[in-house]
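This briefing concerns the charged side-chain contacts and the internal space of the model shown below. The points are grouped by topic.

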Amino acid sequence: MRRGLLLLTVITFVTWVGTRMTAVALPLVALEETGQAWTTGLVGGMAGLPLLTVGWWGRGLRDRLTGGRALAVVMGVNAAGLAVVPVASVMGQVGAVALCVSGLVTGVAGALLGPAERSLVSDLADEHVARGGRTGPARWLAWQDLAHRVSMIFAPPAGAWAVTMWGAGALLWCKTAVVALAATALLAVPAGRATHQEDQGGVQEEATPGRPVSALAVLRSRPQVAAGVLMAGVGGVCWFGFSLGLAVLGVEHDMPGALIAAGMSGYGAASVAASLLVPVVIDRLPRMTAMLSSWVVLGAVFGALPLVTPSLAGIAVVAAVGGAAMPWGIAALNALISEQTHGPDRRAAFTAETVLHSGGTSLGLLAGGALIGWAGSEAVLLTTGLLQIAAAVGGAGWAWKAHHQQAVDTGVRMAVCRAPGGKW
């Protein structure tokens, strides 16, 4: 099991590095081949459509992605989607159609792969612990998140260097080959076995592959997971306040690009540093408290950014506070899902997390520019910060209340069963 977990973590790191490097090359190839600026975002834009709708079309597929072989097939589809643009470039046929096809195919694969990989990590880690291992799902998921965050630091500069040295087309071919090799490596990852676990109500559940599960039903029955997913979803929608808000704020202070660069650098470096510590202590952290604290701190950071503008050092330091807080909330949510769900329910919960957070980010970026133009960057930063704080406090309060009520109801049922004439 440990070998499979290590392999999944390495694959996550390598594919994310390739994704972030490719993000530098794709717009350049689109612009060079078509000569039209509007085509530069087609791949990324079309890739978001399958993600937003995966809860509908992927409901039956996700329950089949329980092992390395199934994931290898999806990763192979991803490689095929990536190959569309460089192949079209060789043929001189890069246009809107080729870019949209590439975006849709890679979007379909990506919408399935993310939740499936986290679910498989949790399944294998559960089995690893059952066989006497000491590292459970929470830590392995934290290591996977670290692999994701580390790629944010050096992959974009590495992509820019590779484009300069090799050209954008060569980099796309390289990414396609890397993903194809990752698909081959996934064949060595074993499947996760169905396990028996107790939910919070103390009822034995058994994973039943092939049984369609509603993500909404899973969240409704697990209020703490639902609250964490809500926080992540609101945070995703509000992210444009940071990225677009700082970009526009820099222009307003005659410092175009400087504020967003300082903010992203401070946020990224601090999030990676915090991610190095998270796996060490995640098993000792209260889940709801960690999620609440992370999103409240990030919301406060959004509101504080206009106060330190236009100081680049101030922006970097304040953003670093948010970056240092964020990995704890994400790790706590992943740990909570791995602890309270299994089988189809686990895959549904991870899918809901991905759709609401990543899909919310896409929707926020889509509408964010217009909102900033209407209300102003400082007002948007403050509003998005307050929304994240409200979602965190409201979600945590509701989850704690619902959890307490569930515990009371369970105690009543058990008392009735133990009573004379009960059904114990």
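Arg118 and Glu353 are both buried in this predicted model, and their side chains meet in a salt bridge with an N to O distance of 3.6 Å. Because Arg118 belongs to helix α4 (residues 96–130) and Glu353 to helix α12 (residues 343–375), the pair ties together parts that are 235 residues apart in sequence. Over the whole structure, the search finds nine salt bridges, some of which are described below together with the largest cavity.

**Salt bridge between Arg131 and Glu127**

- Arg131 forms a salt bridge with Glu127, and the closest N and O atoms of the two are 2.8 Å apart.
- The two partners differ in their surroundings, since Arg131 has a relative accessibility of 57% and therefore counts as exposed, the cut-off being over 50%, whereas Glu127, with a relative accessible area of 6%, is buried.

**Salt bridge within helix α5**

- The side chains of Arg149 and Asp145 also meet in a salt bridge, for which the N to O distance is 2.8 Å.
- Both residues lie in helix α5 (residues 137–166), where they are four residues apart, or about one turn of the helix.
- Arg149, at 7% relative accessibility, counts as buried because the value is under 20%, and Asp145 counts as buried as well, at 11%.

**Salt-bridge network**

- Asp123, Asp126 and Arg346 are linked in a network of salt bridges.

**Largest cavity**

- The structure holds one cavity of 30 Å³ or more, and the space in the largest cavity comes to about 60 Å³.
- The lining of the largest cavity is made up of Val54, Arg62, Leu65, Ala111, Leu112, Pro115, Ala116, Arg347 and Thr351.
- Helices α4 and α12 each supply at least two residues of this lining, and the largest share, four residues, comes from α4.
- By residue class, the lining of the largest cavity divides into six nonpolar residues, one polar residue and two charged residues.
- Helices α4 and α12 thus appear in two of the topics here: each supplies at least two residues of the lining of the largest cavity, and Arg118 in α4 is paired with Glu353 in α12, so that the salt bridge ties together parts that are 235 residues apart in sequence.

Note on methods:
Residues numbered from 1 in each chain as written. Predicted model: local features only at pLDDT ≥ 70, side-chain atom pairs only at ≥ 80, totals over all residues. Heavy atoms only, no water. Salt bridge = Lys/Arg side-chain N within 4 Å of Asp/Glu carboxyl O. Buried < 20%, exposed > 50% of the residue type's maximum accessible area, 1.4 Å probe, protein only. 1 Å grid on protein atoms, 1.4 Å probe; cavity = no way out; pocket = protein on both sides within 12 Å on 5 of 7 lines; lining within 4 Å. Points joined across faces, edges and corners; volume = space filled by probe spheres on them. Nonpolar A, V, L, I, M, F, W, Y, C, P; charged D, E, K, R; others polar.
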